[in-house]
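Biologist: I keep running into labels like "buried" and "salt bridge" without knowing where they come from. Can we go through some together?

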Amino acid sequence: MADMGRKFSELKSQARMDTVDFLSPLQMDVTQLRNGFNNVVANYVSESVFEILEKIRKLTKQYDLNPTEASFEALSSVIFGLSNTELVTIASHFSHITNLANIAESVHRIRRWRAYSRGESSLFFHHSCDDVFGEMQSKGYTAEQIYSCLSVQTIEFVLTAHPT
């Protein structure tokens, strides 16, 4: 089972070979949208609320990069110390930031598709589960092996900073 996981990781790495850097433009778009939004927000909230927004953003990023008990405690202590009014403002702000990041990702998918259509890059995804299963079977995995691995997978809901 571990051998199959290693082989699948290798297959995934090979599929991600690309000559075009597509991550940087997405990161730049998200950063530009976030910074623009923050500039607007800074004009409408108090300086203390804006400082809390920035503190939570930085602590969230620290926790995302280093998910330790200490980094979680630092983040949660700030959040638990907020009033209900502050919590609504903070939650609304991060909801809007997430929506802006989603817009950037939608534009990014169009950018990627256009580059793929011009022959400048590969796509990092398969078009269907049938494609993925077919590729795995062509690499020597049986339907039973694939089923066995998939049947022990778990999905957990995790709230983190947006990865971009």
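**Putting labels to the test**

Modeller: Sure, and let's start with E54: its relative accessibility is 19%, so E54 counts as buried. Keep in mind that this is a predicted model.

Biologist: What makes 19% enough for E54 to be called buried?

Modeller: Buried means under 20% relative accessible area. E54 comes in at 19%, so the label fits.

Biologist: Then how do you know whether T60 is buried or exposed?

Modeller: Same recipe. The limit for buried is under 20%, and T60 has 16%, so T60 is buried. T60 sits in helix 3, which covers residues 47-65.

Biologist: What makes the side chain of T60 and the backbone oxygen of I56 a polar contact?

Modeller: Such a pair of N or O atoms has to lie within 3.5 Å. Here a polar atom of the T60 side chain is 2.7 Å from the I56 oxygen, so the distance passes.

Biologist: Back to E54. Why is its pairing with R57 called a salt bridge?

Modeller: The cut-off is 4 Å between a side-chain nitrogen of Lys or Arg and a carboxyl oxygen of Asp or Glu. For E54 and R57 the closest N and O atoms are 3.0 Å apart, so the pair qualifies. Both residues belong to helix 3, three residues apart, or about one turn. As a general point, side chains of opposite charge can pair when their charged atoms come close.

Biologist: How many salt bridges does the structure hold?

Modeller: Two. D29 and R111 also form one, at 2.5 Å from N to O. D29 is in helix 2 (residues 23-42) and R111 in helix 5, so this pair ties together parts that are 82 residues apart in sequence.

Biologist: Why is R111 called partly exposed?

Modeller: Partly exposed lies between the 20% limit for buried and the 50% limit for exposed. R111 has 24%, so it lands in that middle range.

Biologist: And what makes the aromatic pair of W113 and Y116 "tilted"?

Modeller: Ring centres must lie within 6.5 Å to pair, and planes under 30 degrees apart are stacked, over 60 edge-to-face, the rest tilted. W113 and Y116 are 5.3 Å centre to centre with 40° between the planes, so they pair and count as tilted. Both are in helix 5, about one turn apart.

Biologist: Last one: how do you know I103 can be part of a surface patch?

Modeller: Patch residues need over 30% relative accessible area. I103 has 48%, so it clears that bar. Together with L33 and V107, I103 makes a nonpolar patch of about 240 Å².

Key. Residues numbered from 1 in each chain as written. Predicted model: local features only at pLDDT ≥ 70, side-chain atom pairs only at ≥ 80, totals over all residues. Heavy atoms only, no water. Patch = residues over 30% accessible without salt bridge, like charges linked within 9 Å, V, L, I, M, F, W, Y side chains within 5 Å. Areas by Shrake-Rupley, 256 points an atom, 1.4 Å probe, with all protein chains shown as cover. Buried < 20%, exposed > 50% of the residue type's maximum accessible area, 1.4 Å probe, protein only. Helix = DSSP H or I, 4+ residues; strand = E, 2+ residues; numbered from the N terminus. Polar contact = N/O pair within 3.5 Å; in protein donor to acceptor, adjacent residues only side chain to side chain. Phe/Tyr/Trp six-rings, centres within 6.5 Å; stacked < 30°, edge-to-face > 60°.
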